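Here's a quick tour of the fold in front of you. Have a look at the sequence and the model, then read on for what sits inside and what sits outside.

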Amino acid sequence: MANRLWDKRRQAVYVLLKKIRVDTGFTQLELAEALDKPQSYVSKFETGERKLDFIEIADICGVLNYSLQLFCEEYEASIK
């Protein structure tokens with residue numbers, strides 16, 4: 001059985017990453033190309049089909065020119 005709290009927290013990461021991508025004006029394709037990944041990589045993590053590790057999240061924030069510290073603060077606020 002899946003851990004629902006874990007799933008909710010993981011979903012919060014993906015929702016926030018998508019929001020940041022859209023707010024910074026990147027398309028999925030532009031972000032994927034900057035990460036040297038296929039567009040499906042972005043699509044899959046935004047829908048929760050693919051899990052990300054911390055380094056991948058840091059890389060995504062770096063490409064989007066978004067502070068990792070700010071990302072963590074916004075994530076914490078979103079799961080309260």
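A residue counts as buried here when its relative accessible area is under 20%, and as exposed when that figure is over 50%. Keep in mind that this is a predicted model. With that cut-off, the buried residues of helix 3 are Tyr41, Val42, Phe45 and Glu46. Looking down the axis of helix 3, you'd find those buried residues within an arc of 120°, so they line one face of the helix.

**The aromatic pair in helix 3**

- How many aromatic pairs does a search of the whole structure find? It turns up 1.
- The pair is tyrosine 41 with phenylalanine 45: the ring centres are 5.6 Å apart and the planes sit at 80°, so this is an edge-to-face arrangement.
- Both partners belong to helix 3 (residues 39-46), and being 4 residues apart puts about one helical turn between them.
- Tyrosine 41 is buried, at 8% relative accessible area, and phenylalanine 45 is buried too, at 1%.
- Tyrosine 41 has another neighbour to look at: the charged end of lysine 37 sits over its ring, 5.1 Å from the centre.
- Just past helix 3 comes glycine 48, with a positive phi near 85°.

**The nonpolar core**

- As a rule, nonpolar side chains in soluble globular proteins tend to be buried together.
- The largest nonpolar core here has 20 residues, and the members touching the most other members are Leu17, Phe45, Leu52, Ile60 and Phe71.
- Helix 1 (4-23), helix 2 (28-34), helix 3, helix 4 and helix 5 (68-78) each chip in at least two residues.
- Which helix gives this core its largest share? That's helix 1, with 6 residues.
- Leaving aside residues up to four places away in sequence, phenylalanine 45 touches Tyr14, Leu17, Leu31, Arg50, Leu52 and Ile60.

**Helix 4, inside and out**

- Helix 4 (residues 54-63) has Glu56, Ile57, Ile60 and Cys61 as its buried residues.
- Down the axis of helix 4, these buried residues fall within an arc of 135°, so they too line one face of the helix.
- Turned away from that buried side is a face carrying the exposed residues Phe54, Ile55 and Gly62.
- At the N-terminal end, aspartate 53 acts as the cap of helix 4, with a side-chain oxygen 3.1 Å from the backbone nitrogen of isoleucine 55.
- After helix 4 comes asparagine 65, whose phi is positive, near 55°.

**Two buried residues of helix 1**

- Isoleucine 20 is part of helix 1 and is buried, with a relative accessible area of 3%.
- Along the chain, isoleucine 20 and leucine 64 are 44 residues apart, yet their C-alpha atoms are separated by 7.7 Å.
- Not counting residues up to four places away in sequence, isoleucine 20 touches Leu64, Tyr66, Phe71 and Glu74.
- Arginine 21 also has its place in helix 1. Is this arginine 21 buried or exposed? At 7% relative accessible area, arginine 21 is buried.
- With the same neighbours in sequence left out, up to four places away, arginine 21 touches Phe26, Thr27, Gln28, Leu31, Val42, Glu46 and Leu64.

Notes. Residues are numbered from 1 along each chain as its sequence is written. This is a predicted model: local features need pLDDT of at least 70, side-chain atom pairs count only at pLDDT 80 or more; totals for chains, interfaces and linings use all residues. Side-chain values use heavy atoms; hydrogens and water are left out. Buried means under 20% relative accessible area, exposed over 50%, partly exposed in between (1.4 Å probe, protein chains only). The arc is that of the directions from the helix axis to the C-beta atoms. A polar contact is a pair of N or O atoms within 3.5 Å; within protein, one must be able to donate a hydrogen and the other to accept it, and residues adjacent in sequence count only if both atoms are side-chain atoms. Rings of Phe, Tyr and Trp (its six-membered ring) pair if their centres lie within 6.5 Å; planes under 30 degrees apart count as stacked, over 60 as edge-to-face and the rest as tilted. A charge sits over a ring if NZ of Lys or CZ of Arg is within 6 Å of the ring centre and within 35 degrees of the ring normal. A nonpolar core is a set of buried Ala, Val, Leu, Ile, Met, Phe, Trp, Tyr and Cys residues joined through side-chain atoms within 4.5 Å. Contact means heavy atoms within 4.5 Å.
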